[in-house]
Amino acid sequence: MTITKPKARRGRPPNVEREFTDTREALLRSGMEMLTEQGFATTGIDAILKRINVPKGSFYNYFKNKEAFGQEVLRQYSLYFARKLDHCFLNEQVSPMQRISDFVEDAKSGMIKHEFRRGCLVGNLGQEIVVLPESFRCELEGILLDWQKRLAACLRLAVQQGQIHSNSDCDELAAFFWIGWEGAVLRAKLVQDVNPLDTFFQGFIAGIQK
């Protein structure tokens with residue numbers, strides 16, 4: 001009797017890994033949306049799971065606990081926002097100061113699109129720092145320093161092109177920008193209007209341009 005081995009199935013491989021990736025990414029996407037709107041402390045895991053119809057048991061296949069989940073959401077947000085900054089600040093088709101202005105306009109459009117429910121995840125978590133696990137403190141500061149570095153590089157180009165004062169301390173200006181920007185985003189959410197963003201940016205520009 002001849003034993004015939006079953007033929008290997010052709011085509012796509014089993015989708016176990018794809019399902020893992022899709023579910024994990026869906027959890028992170030849901031978490032990013034909810035944490036951006038509500039913050040960490042008031043957002044429960046159950047609400048995140050319900051939003052995407054994922055059973056609670058599945059959550060712990062991907063994340064040890066809420067802290068680990070929040071850390072990964074923050075990392076994903078930082079990568080997303082870094083790409084957004086690079087898209088604006090590295091755009092060689094326009095001048096350095098126009099690049100910064102384009103970032104501001106993009107942020108305004110985003111807040112209007114989401115009806116001022118969402119702000120900046122880093123800013124939101126920074127306001128909660130006294131109730132967050134200690135592991136978030138260094139992560140948040142590192143992200144802000146990265147944003148400062150990217151903006152400072154754009155400002156240095158503005159100095160080279162004579163758009164802002166030659167004696168400008170670009171590192172200090174970048175730090176000042178993000179400190180003020182986070183406050184402006186918070187105020188914009190409060191009043192549900194982009195005017196605070198315009199007010200801050202106009203003041204920032206007035207202080208550095210020739």
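**View 1. How much of the 210-residue chain is buried, and what it is built from.** In this predicted model, 41% of the 210 residues of the protein chain count as buried. The fold is put together from nine helices and zero strands, so written out along the sequence by the DSSP runs it simply reads α-α-α-α-α-α-α-α-α. If you take the contacts between residues at least 6 apart in sequence, 68% join residues at least 24 apart. On the outside, the accessible surface comes to about 12,600 Å², with 52% of that belonging to carbon and sulfur atoms.

**View 2. The largest pocket, about 730 Å³ in volume.** Tyr77, Tyr80, Lys84, His114 and Arg118 are the closest to the centre of this pocket, out of 28 residues that line it. Helix 1 (16-38), helix 4 (66-89), helix 5 (96-113) and helix 8 are the elements that each give two or more residues to the lining. Helix 4 chips in the largest share, with seven residues.

**View 3. Threonine 43, tucked into the loop between helix 1 and helix 2 (45-52).** With a relative accessible area of 1%, threonine 43 is buried, because the cut-off for that label is under 20%. Its side chain reaches the backbone oxygen of glycine 39 at 2.6 Å. Leaving aside residues up to four places away in sequence, threonine 43 touches Met34, Leu35, Gln38, Ile48 and Lys66.

**View 4. Phenylalanine 116, a non-glycine residue with positive phi.** Look in the loop between helix 5 and helix 6 for this one. Phi of phenylalanine 116 is about 65°. The residue has 13% relative accessibility, so phenylalanine 116 counts as buried.

**View 5. Helix 8 from end to end, residues 170-191.** At 1.5 Å a residue, the 22 residues of this helix should span 32 Å, and the end C-alpha atoms sit 31 Å apart, which agrees. At the start of helix 8, a side-chain oxygen of aspartate 169 comes to within 3.3 Å of the backbone nitrogen of aspartate 171. Plenty to look at along the way: the buried residues of helix 8 are Cys170, Leu173, Ala174, Ala175, Phe177, Trp178, Trp181, Glu182, Ala184, Val185, Ala188 and Lys189.

**View 6. The one cavity of 30 Å³ or more in the structure.** About 50 Å³ of space lies inside the largest cavity. Its lining is made up of Cys120, Gly123, Asn124, Gln127, Glu182, Val185, Leu186 and Lys189. Helix 6 (121-127) and helix 8 each supply at least two of the lining residues, and helix 8 gives the most, with four. Glu182, Val185 and Lys189 turn up here in the lining and also among the buried residues of helix 8.

**View 7. Glutamine 192, just after helix 8.** Here the chain is in the loop between helix 8 and helix 9 (195-208). Glutamine 192 has a phi near 55°, a positive value in a residue other than glycine. Is this residue buried or exposed? Glutamine 192 is exposed, with a relative accessible area of 52%, whereas phenylalanine 116, with its own positive phi, counts as buried.

Key:
Residues are numbered from 1 along each chain as its sequence is written. This is a predicted model: local features need pLDDT of at least 70, side-chain atom pairs count only at pLDDT 80 or more; totals for chains, interfaces and linings use all residues. Side-chain values use heavy atoms; hydrogens and water are left out. The expected span of a helix is 1.5 Å times one less than its number of residues. Buried means under 20% relative accessible area, exposed over 50%, partly exposed in between (1.4 Å probe, protein chains only). A polar contact is a pair of N or O atoms within 3.5 Å; within protein, one must be able to donate a hydrogen and the other to accept it, and residues adjacent in sequence count only if both atoms are side-chain atoms. Contact means heavy atoms within 4.5 Å. Accessible areas come from the Shrake-Rupley method with a 1.4 Å probe; for residues, only the protein chains shown count as cover. On a 1 Å grid over the protein atoms alone, a cavity is a set of points where a 1.4 Å probe fits but cannot get out, and a pocket is an open set with protein on both sides within 12 Å along at least five of seven lines; lining residues have an atom within 4 Å of a point. Grid points are joined across faces, edges and corners, and a volume is the space filled by probe spheres set on the points.
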